[in-house]
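These are my notebook entries on a structure that I went through by topic. The structure itself comes ahead of the entries.

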Protein chains: 2
Amino acid sequence: MARETPLIQDVADYCLQKGFRFTEPRQFVLDIIARSKKPIGAYEVLEKLGKKLKNPKPPTAYRAIEFLSEHGFIHRIESLNAYIICQSDHLHKGSQFMICDQCGTVLETHLCDLPEPLVKKTRDAHFHLTRWNVELHGICQTCYKPV
Amino acid sequence: MARETPLIQDVADYCLQKGFRFTEPRQFVLDIIARSKKPIGAYEVLEKLGKKLKNPKPPTAYRAIEFLSEHGFIHRIESLNAYIICQSDHLHKGSQFMICDQCGTVLETHLCDLPEPLVKKTRDAHFHLTRWNVELHGICQTCYKPV
DNA sequence: TTTGATTTGTTACAATATAACATTTTAATA
DNA sequence: TATTAAAATGTTATATTGTAACAAATCAAA
């Protein structure tokens, strides 16, 4: 489930195999997002990218983010407009996140399949599922203080 | 599951009972979102609101949206930055949407509880869930054309 | 009819994201 | 190895989405 080989190497291999270029912006953005303990916004990525590249502009960050996201190495947390490294080790059609509304930490969990009650809903509606995103909001173990 | 009484009346009753004011901006915004076949963005709401109020500004739309959303009468579709009328008839902690990436139609489905595999994940992580949001992307029945 | 809480009006701006086009890089080809 | 075409980036400008801050109005209760 969890990654066993260095992320950068995996992505480099992936790109080599698929004929994509693992360019500086892509490497740096991957590294920035991977090092972030919490989801990080595009403009914060851009700011950190500025320490590596000379005066990068928003499209540089957004393009790298888009590339990494399309290929499943990072995920966008929609309710936060922020990005997080994929904590799973293989491509998946769906993501589940537990988002602590107090400290902002996000935990990704992996499910191979969409839970059956949801599958049933899509079947009943004749809906052809391509991908899914589950965002669970609450308080993480660390922040939770029972009354 | 589905609504049986007029939405506007329900919201009016709710406000009366809870001591909120069901003001013009709130009524109009509710009506605009309710009439929209698809999720509608805040600025499109604002534009339509302009036919009812004189020159409304963004905060007027956003405030009404926030109010209606907080009280469960509308939902925000995070992946579309857009809002949709609640298709269920009672307050719920979680939402599920089937989003057609071709025509943009969204179907809300109701689940009383979070599916067990997800509940298990939250239990294992000692995560205290307060609300959840599931966005299922794909192609709806109408748009789907088998090859 | 005053009061205080709620809600709105208004101005200004912050934060997030993309379009469009020029330039560079790269690997494959000629 | 020079050429070329695709992929990717650089750059400018702007679009889209969302909010802070404070003044004014509304409304129910005292």
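**Entry 1. Aromatic pairs.** I took rings of Phe, Tyr and Trp (its six-membered ring) as paired if their centres lie within 6.5 Å, with planes over 60 degrees apart counting as edge-to-face. By this rule I count eight aromatic pairs over all chains. I note here that the model is predicted.

I looked up the pair of Y14(A) and F73(A) and found it to be edge-to-face, with 5.1 Å centre to centre and 85 degrees between the planes. This pair links distant parts of the chain, as its two residues are 59 residues apart. Y14(A) belongs to helix 1 (residues 7-18) of chain A, whereas F73(A) falls in the loop between helix 4 (58-70) and strand 1 (74-77) of chain A. Is F73(A) buried or exposed? I take F73(A) as buried because its relative accessibility is 10%, and buried means under 20%.

I turned next to Y43(A) and Y62(A). Their ring centres are 6.1 Å apart and their planes stand at 70 degrees, so I record this pair as edge-to-face. Here too distant parts of the chain are linked: Y43(A) is in helix 3 (residues 42-49) of chain A and Y62(A) in helix 4 of chain A, 19 residues apart. I checked accessibility for both residues. Y43(A) has a relative accessible area of 53% and is therefore exposed, since the cut-off for that class is over 50%. Y62(A), at 36% relative accessibility, counts as partly exposed.

I then asked which residues form one aromatic cluster with Y14(A). They are F20(A), F67(A) and F73(A).

**Entry 2. Charge over a ring.** I looked at the ring of F67(A), a member of that cluster. The charged end of R26(A) sits over this ring, 3.7 Å from its centre. In chain B, I found the charged end of R26(B) over the ring of F67(B), with a distance of 3.7 Å from the ring centre.

**Entry 3. Helix packing in chain B.** Two packed helices are described by the angle between their axes and the distance between the axes. I looked up both values for helix 1 (residues 7-18) and helix 2 (residues 24-35) of chain B: the angle is about 145 degrees and the axes are 11 Å apart. I record the crossing of helix 1 of chain B and helix 2 of chain B as right-handed.

Which residues meet in helix 1 and helix 2 of chain B? From helix 1 of chain B I list L7(B), I8(B) and V11(B), and from helix 2 of chain B I list Q27(B), L30(B) and A34(B). The residues of this contact divide into five nonpolar, one polar and no charged.

I followed V11(B) further, given its place in helix 1 of chain B. V11(B) counts as buried because its relative accessibility is 0%. Leaving aside neighbours within four places in sequence, I find V11(B) in contact with F22(B), L30(B) and F73(B). I also looked up V11(B) against L129(B), 118 residues apart along the chain, and their C-alpha atoms are separated by 27 Å.

**Entry 4. Positive phi.** I noted a positive phi, near 55 degrees, at H126(A), a residue other than glycine. H126(A) is in the loop between helix 5 (116-124) and strand 5 (128-139) of chain A. The relative accessible area of H126(A) is 45%, so I class this residue as partly exposed.

In chain B, H126(B) has a positive phi of about 55 degrees and is not a glycine. I place H126(B) in the loop between helix 5 (116-124) and strand 5 (128-139) of chain B. With a relative accessible area of 44%, H126(B) is partly exposed.

**Entry 5. A loop glycine.** Where does G41(A) lie? I find G41(A) in the loop between helix 2 (24-35) and helix 3 of chain A. Neighbours within four places in sequence aside, G41(A) is in contact with N81(A) and A82(A). The C-alpha atoms of G41(A) and L80(A) are separated by 8.1 Å, and these residues are 39 residues apart along the chain.

**Entry 6. Chain A as a whole.** I count five helices and five strands in chain A. Read from the N terminus, the order of elements in chain A is α-α-α-α-β-β-β-β-α-β. Taken along the principal axes, the C-alpha atoms of chain A fill a box of roughly 50 × 45 × 30 Å. Of the 147 residues in chain A, 44% are buried. Among contacts in chain A between residues at least 6 apart in sequence, I find that 49% join residues at least 24 apart.

Conventions. Residues are numbered from 1 along each chain as its sequence is written. Chains are lettered from A and ligands numbered from 1 in the order in which they are written. This is a predicted model: local features need pLDDT of at least 70, side-chain atom pairs count only at pLDDT 80 or more; totals for chains, interfaces and linings use all residues. Side-chain values use heavy atoms; hydrogens and water are left out. Axes are lines fitted to C-alpha atoms, for helices over the stretch in contact, and angles run from 0 to 180 degrees between N-to-C directions. Helices (H or I, at least four residues) and strands (E, at least two) are DSSP runs, numbered from the N terminus. A crossing is left-handed if the near helix is turned anticlockwise from the far one by less than a right angle, and right-handed if clockwise. Contact means heavy atoms within 4.5 Å. Ala, Val, Leu, Ile, Met, Phe, Trp, Tyr, Cys and Pro count as nonpolar, Asp, Glu, Lys and Arg as charged, and the others, Gly among them, as polar. Rings of Phe, Tyr and Trp (its six-membered ring) pair if their centres lie within 6.5 Å; planes under 30 degrees apart count as stacked, over 60 as edge-to-face and the rest as tilted. Buried means under 20% relative accessible area, exposed over 50%, partly exposed in between (1.4 Å probe, protein chains only). A charge sits over a ring if NZ of Lys or CZ of Arg is within 6 Å of the ring centre and within 35 degrees of the ring normal.
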